[in-house]
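Here's a short set of exercises to work through with the model open beside you. Try each task before reading its solution.

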Amino acid sequence: SGQSSGNKVRLYYGLQKGAVMQKVINCSCGYIVRAENDEKLVAKAQEHAKQVHQMDLTREQALAMARPE
């Protein structure tokens with residue numbers, strides 16, 4: 001299992017170097033949502049909106065708020 005975690009570290013390092021465009025959402029409350037793809041970004045944003053703001057955020061709303069980082 002040690003080898004697979006090494007692969008994950010290399011993959012993550014590759015993402016940080018810009019292989020994949022990371023996106024960010026800056027919530028009006030100051031919370032920052034970051035993810036390396038739309039699916040994860042939307043999921044994190046929806047979870048934050050529901051838990052903190054008791055709000056149902058659609059995928060379209062989340063993506064409209066997203067900016068490249």
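**Exercise 1.** How many disulfides does the count come to? Keep in mind that this is a predicted model.

*Solution.* Start with the cut-off: a disulfide needs two cysteine sulfur atoms within 2.5 Å. Now take Cys-27: its closest cysteine sulfur belongs to Cys-29 and sits 3.6 Å away, so that's too far for a bond. Going the other way, the closest cysteine sulfur to Cys-29 is the one in Cys-27. The count therefore comes to zero disulfides.

**Exercise 2.** Sort Cys-27 and Cys-29 by burial: buried, partly exposed or exposed?

*Solution.* You need the cut-offs: buried is under 20% relative accessible area, exposed is over 50%, and partly exposed is in between. Cys-27 has 15% relative accessibility, so it goes down as buried. Cys-29 has 44%, so it goes down as partly exposed.

**Exercise 3.** Describe the surroundings of His-48.

*Solution.* First, place it: His-48 is part of helix α2, which covers residues 38-53. Next, check burial: a relative accessible area of 10% makes His-48 buried. Then look for partners. Setting aside neighbours within four places in sequence, His-48 touches Cys-27, Cys-29, Tyr-31 and His-53. With His-53 there's also a polar contact, side chain to side chain, at 3.2 Å.

**Exercise 4.** In what order do the strands of the open sheet run, and which stand at the edges?

*Solution.* Begin with the order: the three strands run β2-β1-β3, with antiparallel pairing. Then find the edges: β2 (32-35) and β3 (67-68) each have a single partner strand, so one side of each lacks a neighbour in the sheet. Now zoom in on one pairing. Strand β1 (residues 23-26) joins β3 over two bridges, antiparallel, and Lys-23 has Pro-68 as its bridge partner in β3. Finally, add the helix: α2 packs on the sheet and touches β1 and β2, with its direction at about 155° to that of β2.

**Exercise 5.** Which residues make up the largest nonpolar core, and which element supplies its largest share?

*Solution.* List the members: Ile-25, Val-33, Ala-35, Leu-41, Val-42, Ala-45, Ala-49, Leu-57, Ala-62 and Ala-66, which is 10 residues in all. Assign them to elements next: β2 and α2 each give at least two residues. The largest share, four residues, is from α2. To see one member in place, pick Ile-25. Leaving out neighbours within four places in sequence, its contacts include Val-33, Leu-41, Ala-45, Ala-62 and Ala-66. Tyr-31, Ile-32 and Met-65 are also among the contacts of Ile-25.

Conventions:
Residues numbered from 1 in each chain as written. Predicted model: local features only at pLDDT ≥ 70, side-chain atom pairs only at ≥ 80, totals over all residues. Heavy atoms only, no water. Buried < 20%, exposed > 50% of the residue type's maximum accessible area, 1.4 Å probe, protein only. Polar contact = N/O pair within 3.5 Å; in protein donor to acceptor, adjacent residues only side chain to side chain. Contact = heavy atoms within 4.5 Å. Pairing = 2+ DSSP bridges. Axes fitted to C-alpha atoms, helices over the stretch in contact; angles between N-to-C directions. Core = buried A, V, L, I, M, F, W, Y, C linked by side-chain atoms within 4.5 Å.
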